There are 2 protein chains.
Amino acid sequence: MRFLASNTCANQLLSTLPLLERERLLPGLEHVEFALGDVVYESSSRLEYAYFPTGAVVSMLYTMEDGATAEVGRCGSDGVVGVSLFLGGDTTPNRAVVQIAGGAVRMRARTLQAEFARGGALQHLLLRYTQSLITQVAQAAACNRLHSVEKRLCRFLLLSHDCVKSDELFMTQELIASVLGGRRESVTVAAAHLQDAGLIRYSRGRIHILDRAGLERAACECYRVVRAETDRLLAVRVPNTYSSGGLLSQRPLEARVRAD
Amino acid sequence: MRFLASNTCANQLLSTLPLLERERLLPGLEHVEFALGDVVYESSSRLEYAYFPTGAVVSMLYTMEDGATAEVGRCGSDGVVGVSLFLGGDTTPNRAVVQIAGGAVRMRARTLQAEFARGGALQHLLLRYTQSLITQVAQAAACNRLHSVEKRLCRFLLLSHDCVKSDELFMTQELIASVLGGRRESVTVAAAHLQDAGLIRYSRGRIHILDRAGLERAACECYRVVRAETDRLLAVRVPNTYSSGGLLSQRPLEARVRAD
DNA sequence: TCCCGTCTGTTCGCTTCCTCACATAGGCCC
DNA sequence: GGGCCTATGTGAGGAAGCGAACAGACGGGA
């Protein structure tokens, strides 16, 4: 249980919860470990669990009838996989694939729905996360239309870098291409360009971020916008304390009083 | 008031509400009329009202720093403009522009938030609508990346056609280009192609849909996917009656009893 | 140590779409 | 009925990216 308690802190949504709410949820949580390429859910499949990534990064990919794919959203330790559970639709027409191996904490769909219906801090956080997800997807829609492969590659690398502790990313160009919705060759050219510029170094599925500031300059504005909006929406004002009430306007008081 | 009552029925979200909830909301609703090009909200501006379109169609447009624009979502009489109000972020980094002139019913932000917090039928409907919005935006992200101007034009025309009663749409190619995130000339070529194929006929901002089935065949799969998913999520099971409880599992009972 | 599978680099022709520039044409107003 | 604004048509030239085909090159396993 101590094990799990420390794990829940690795997911920002859970760690932002008032302590007592988190303790109430703890017994219903399970730790799982994801490997690269694991499928969290298939298109239109019913989810049994919601997953709160701790170290893993999950990508929501849409696959066209002809097999072409493009990423529509991604979720790291600042979010949750399975918003359709509390939004009420239960399924979504895309699949979720693990992009970066790592851990997650999972919660039964029913538990999540019941907790959401209480209208407490978790509901509040899940809704704000939902908005940040919408922002991210919307930005991807505009970016995919208007920006070059190279700029989108930068954005992708930066967003991935934000999700891990090290400067090393493990992903092949083939995989990046499927996320960016382009061909592997286009990624090769763009990556070589970034390497020539001294921004990254890579070899056989291992990418080193050498110059993060340079990457940010080379990326399109979309990275900044998504980053800023995510930070605004999921701002952890006073984490792990009762005084986070400023963030939680919806019935947090009774919940806290009751918990006392 | 009778005037408004009939108007609320023209918005599917409101018309799906149990009668008593709708009656409770009625005094807080106002009818407004939108003209083509009206701006419902600006990027990052604070919304005072949520708008439930009755005849109007509103487009959520993202504008890049260089002025290029692309549509990220649209909202007709089956939805609501201003999801950020109940999701908790209050603002969004895009603007909402009226694409098709018509009416809407508006509700004060505070009223919407208070009603949402009750956890009744409206909350349920708003959440399901939010998921359909996410689906729509996600599909746009993939479609913008993978499909040609002509296919996207077909998708756009079909979605617009779904929002109006007639076979006539009022929109210039310039406007369509800003929505599709392309140039006016590209739209001209694509539109001419569709006209040659006998699917549409147009002149100076007036587009007639001649062969809807043909348009659907010429469109990418994205139209079908969005249509199907929207229908699934916003299915009006037993509209305008109390027995819609099957759709509304979250606290509808107390709300209804209290309303009695 | 060698083999082989996977990852990356490179080329060529082709399509789509963009940039820029200008031509036509419908319809409103005087 | 003529002027003028706006919407649409067209075309040359170029950039980005696709499709396919193939060449190197790293590294794990026999």
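This text leads through a predicted model, from the pairing of its two chains to the DNA strands and then to details of chain B.

The relation between the two protein chains comes first. Two copies of a chain are related by a rotation about an axis and a shift along it. In this model, a turn of 180° with a shift of 0.0 Å along the axis lays chain B on chain A, with an RMSD of 0.0 Å. The two copies are therefore related as by a two-fold rotation axis. The same surface serves both copies, since 100% of the contact residues of chain B recur in chain A. Among the residues of chain B, B:A141 comes closest to the rotation axis, its C-alpha lying at 1.8 Å.

The contact between the chains involves 38 residues of chain B and 38 residues of chain A. On the side of chain B that touches chain A, at least two residues each are supplied by β5 (69-75), α4 (83-87), α6 (121-146) and α11 (221-233) of chain B. The largest share comes from α6(B), which contributes 16 residues. By class, this side of chain B comprises 19 nonpolar, 14 polar and five charged residues.

One residue of helix α6 of chain B may be examined individually, namely B:Q139. B:Q139 counts as buried because it has 25 C-beta neighbours inside 10 Å, where 20 or more are required. When residues up to four places away in sequence are not counted, B:Q139 touches B:C222, B:V225 and B:V226. B:Q139 and B:Y223 stand 84 residues apart in sequence, yet their C-alpha atoms are 8.8 Å apart in space.

The DNA strands are considered next. Around DNA strand D there are 19 residues, of which A:S148, A:G182, A:S186, B:T172 and B:Q173 come nearest. The elements that each supply at least two residues of the surface near this strand are α9 (184-196) of chain A together with α8 (173-180) and α9 (184-196) of chain B. The most is given by α9(B), with five residues. The surface near DNA strand D is made up of four nonpolar, eight polar and seven charged residues.

Around DNA strand C there are likewise 19 residues, and those that come nearest are A:T172, A:Q173, B:S148, B:G182 and B:S186. Here, two or more residues are given by each of α8 (173-180) and α9 of chain A, together with α9 of chain B. For this surface, α9(A) gives the most, with five residues. Its classes are four nonpolar, eight polar and seven charged residues.

The final part concerns the strands of chain B around β10. Strand β8 (residues 168-170) of chain B runs antiparallel to β10(B) and is joined to it by three bridges. Within this pairing, B:L169 has B:I207 of β10(B) as its bridge partner. Strand β9 (residues 200-203) of chain B also pairs with β10(B) in the antiparallel sense, over four bridges. There, the bridge partner of B:I200 is B:I209 of β10(B). The hairpin of β9(B) and β10(B) has two residues between the strands, and B:R204 takes a positive phi near 45° in this hairpin.

In a regular strand the side chains alternate between the two faces of the sheet. Strand β10 (residues 206-209) of chain B shows this alternation. B:I207 and B:I209 point to one face and are buried, whereas B:R206 and B:H208 point to the other face and are not buried.

Note on methods: Residues numbered from 1 in each chain as written. Chains lettered and ligands numbered in written order. Predicted model: local features only at pLDDT ≥ 70, side-chain atom pairs only at ≥ 80, totals over all residues. Near = placed C-beta within 6 Å. Nonpolar A, V, L, I, M, F, W, Y, C, P; charged D, E, K, R; others polar. Least-squares fit on C-alpha atoms with pLDDT ≥ 70 in both. Contact = placed C-beta atoms within 7 Å. Buried ≥ 20, exposed ≤ 12 C-beta atoms within 10 Å, placed from the backbone. Pairing = 2+ DSSP bridges.
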